[in-house]
Amino acid sequence: MSRKLGVHGPEVSSVGLGAMGMSGMYGRADRRESTATIHAALDAGINLIDTGDFYGMGHNEMLIGEALAGTNREQFLLSVKFGAQRGPDGAWLGYDARPAAVKTALAYTLQRLRTDYVDIYRPARLDATVPIEETVGAIAELVEAGYVRYVGLSEVGPETIRLATATHPICDLQIEYSIASRGIEPEILPTCRELGIAVTAYGVLSRGLLSGHWSPDRRLESTDFRSRAPRFQPENLVHNLALVEALRHVADAKDATVAQIAIAWVLARGEDIVPLIGARTRERLAEALAALELELTLEDLQAIAQAVPADAVAGDRYPEPQMAHLDSER
């Protein structure tokens, strides 16, 4: 099964593999198991692999490059985000999407991924100091030179999407979208559909909150993003896990897991939406892929909406300083 990344983009598998969790954002990950999971995804027919040059500050790209060494390059597509700046201590320092920085970042990315080109290249966030037309224009020059195949965007709002599209065709917008995060529905999703731009949806399990496996007693490493994420703070977590338990009743009725229901829900939102599965192990990947066989009826969708109404989840999807960087939230 496949879906097309917008009017101007390539055919991709119905779901993609999001590799961020393999490089420390959710605590330690086993390198051998991460590599095995990447291969299992390819074997299952997934051909879209998503990464960012700042995931582990190059670790993720090197992991993927090593895992895919010797694999036919036409067998997979690499989607890469750039621009996020971090210090040696992991602190966020802002974003840099100046044309020279765009090209420099790609030069390093190509080396780490062991490839001559990336399929989709996108700024991780809008750089408020650089017009989006300049950033996209720089990527367009890389397309012309053969180092990039397609241009994408990430976490931007309707006005920015229109400005970018006027500069160069955009194949997809990568943005958080799940039962728990539905902010794109009023304006961003309609804008994408008007312009023929697909959505690659990350966070479809809300960083594990909708996995059905989360325990309120789980202890998190200090390096785990969720230790600071509002939805996982004690004052919000009990409320949010109650919503998950309501969703579990829907899953049980379908002989499915909560995670499978959450992924199937995103798949059902339209053929122009491609969920990114953030599996770090083959076991979680196999569970997620079973969602492709799950058909949700109108009654199922109504039951899901009743279990987790829009805006029912407590807490923002990022800590306040990071929310301030999201053009998509303005």
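**Salt bridges in a predicted model**

Arg317 and Glu329 form a salt bridge (a side-chain nitrogen of Lys or Arg within 4 Å of a carboxyl oxygen of Asp or Glu), with their closest N and O atoms 3.0 Å apart. The model is predicted: local features need pLDDT of at least 70, side-chain atom pairs count only at pLDDT 80 or more, and totals for chains, interfaces and linings use all residues. Residues are numbered from 1 along each chain as its sequence is written, and side-chain values use heavy atoms, with hydrogens and water left out.

**Exercise 1.** State where Arg317 and Glu329 lie, and whether each is buried or exposed.

Step 1. Arg317 is in the loop between H10 and helix H11 (320–323), while Glu329 is in the segment after H11, so the bridge ties together parts 12 residues apart in sequence. Helices are DSSP runs of H or I with at least four residues, numbered from the N terminus.

Step 2. Arg317 has a relative accessible area of 9% and is buried; Glu329, at 40%, is partly exposed. Buried means under 20% relative accessible area, exposed over 50%, and partly exposed in between (1.4 Å probe, protein chains only).

Step 3. Through shared partners, salt bridges join Glu155, Glu176, Arg317 and Glu329 into one network.

**Exercise 2.** Describe the salt bridge between Arg162 and Glu194.

Step 1. The closest N and O atoms of Arg162 and Glu194 are 2.7 Å apart.

Step 2. Arg162 belongs to helix H5 (residues 158–167) and Glu194 to helix H6 (residues 188–195), so the pair connects parts 32 residues apart in sequence.

Step 3. Arg162 is partly exposed at 37%, and Glu194 is exposed at 55%.

Notes. Helix = DSSP H or I, 4+ residues; strand = E, 2+ residues; numbered from the N terminus.
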